[in-house]
Amino acid sequence: MNAPAFTPALSDAQRIAQLEQQLQSTASELQRALLKVQVLEHRLRLQRIQKYGPASEELTDAQLALLDKVAAILSVVETCRRLNIPTRDCLGTVLPGLARTSIQRLAELTPTAWAARNR
């Protein structure tokens with residue numbers, strides 16, 4: 001059986017230097033991650049501006065995100081109208097469930113599914 005190699009204990013100065021190096025490495029990783037987030041946010045903003053047109057360049061990021069939600073709600077409203085479903089009743093059931101529903105169960109919250117349950 002091999003005995004572990006003996007390593008002398010680090011001096012306080014050596015340990016401090018080692019920790020400073022780890023801190024610097026971690027700070028560099030954090031900086032890279034923050035830059036990646038900025039790049040992705042910028043790309044998302046450009047996609048939304050492309051989607052909603054040049055006038056949307058003056059909107060804040062929060063306003064652009066809200067546009068996506070409004071578009072989804074309008075889509076549900078249009079589907080309700082097309083299927084002759086009471087829009088208010090359907091939205092009252094569907095919208096609160098969207099926030100807590102997994103992607104796999106999302107089909108259960110469509111106006112079509114609502115109509116099948118309520119007719």
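Is Arg 105 buried, partly exposed or exposed? At 47% relative accessibility, Arg 105 counts as partly exposed, where buried stands for under 20% relative accessible area, exposed for over 50%, and partly exposed for values in between (1.4 Å probe, protein chains only). The structure is a predicted model, in which local features need pLDDT of at least 70 and side-chain atom pairs count only at pLDDT 80 or more, whereas totals for chains, interfaces and linings use all residues. Residues are numbered from 1 along each chain as its sequence is written, and side-chain values use heavy atoms, with hydrogens and water left out.

The secondary structure of the protein chain consists of 4 helices and 0 strands, and the order of elements from the N terminus is α-α-α-α. Helices (H or I, at least four residues) and strands (E, at least two) are taken as DSSP runs and numbered from the N terminus. The radius of gyration of the protein chain is 27 Å, well over the 14 Å that the globule rule gives for 119 residues, so the chain is more spread out than a compact globule. This radius is taken over C-alpha atoms, and the globule rule is 2.2 Å times the number of residues to the power 0.38. Along its principal axes, the C-alpha trace spans about 80 × 50 × 20 Å.

Of the 119 residues, 17% count as buried. The protein chain exposes about 9900 Å², of which carbon and sulfur atoms supply 59%; accessible areas come from the Shrake-Rupley method with a 1.4 Å probe, and for residues only the protein chains shown count as cover. A contact is defined by heavy atoms within 4.5 Å. Among contacts between residues at least 6 apart in sequence, 28% join residues at least 24 apart.

Two pairs of residues illustrate distances within the chain. Ala 33 is found in helix 1 and is partly exposed at 38% relative accessibility. The C-alpha atoms of Ala 33 and Ile 73 are separated by 33 Å, the two residues being 40 apart along the chain. Leu 67 belongs to helix 2 and is partly exposed at 28% relative accessibility. From Leu 67 to Ser 11, the C-alpha to C-alpha separation is 59 Å, with their positions 56 residues apart in sequence. With neighbours within four places in sequence left aside, Leu 67 is in contact with Tyr 52 and Leu 59.

The protein chain carries 15 positive and 11 negative side chains, and the centres of the two sets lie 10 Å apart. Lys and Arg count as positive and Asp and Glu as negative, while His and the chain ends are not counted; the place of a charge is NZ of Lys, CZ of Arg, CG of Asp or CD of Glu. The structure holds 3 salt bridges, each being a side-chain nitrogen of Lys or Arg within 4 Å of a carboxyl oxygen of Asp or Glu.

One salt bridge joins the side chains of Asp 61 and Arg 45 (2.7 Å, N to O). This pair links distant parts of the chain, with Asp 61 in helix 2 and Arg 45 in helix 1 (residues 12-52), 16 residues apart. Asp 61 is partly exposed at 46% relative accessibility. Asp 61 also appears among the contacts of Arg 48, which, with neighbours within four places in sequence left aside, touches Ser 56, Asp 61, Leu 64, Ala 65 and Asp 68. Arg 48 lies in helix 1 and counts as buried, at 15% relative accessibility.

Another salt bridge is formed by the side chains of Glu 78 and Arg 81 (3.3 Å, N to O). These residues are separated by about one helical turn, because they are 3 residues apart in helix 2. Glu 78 is partly exposed, with a relative accessible area of 45%, whereas Arg 81 is exposed at 57%. Arg 105 forms a salt bridge with Glu 108, whose closest N and O atoms are 2.8 Å apart. Glu 108 is partly exposed at 39% relative accessibility.

In helix 4 (residues 111-118), the buried residues are Pro 111, Ala 113, Trp 114 and Ala 115. Their cover includes helix 2 and helix 3. The loop between helix 2 (61-82) and helix 3 (87-98) contains Asn 84. Most residues other than glycine have a negative phi. Asn 84, although not a glycine, has a positive phi of about 55°. Asn 84 is exposed, with a relative accessible area of 65%.
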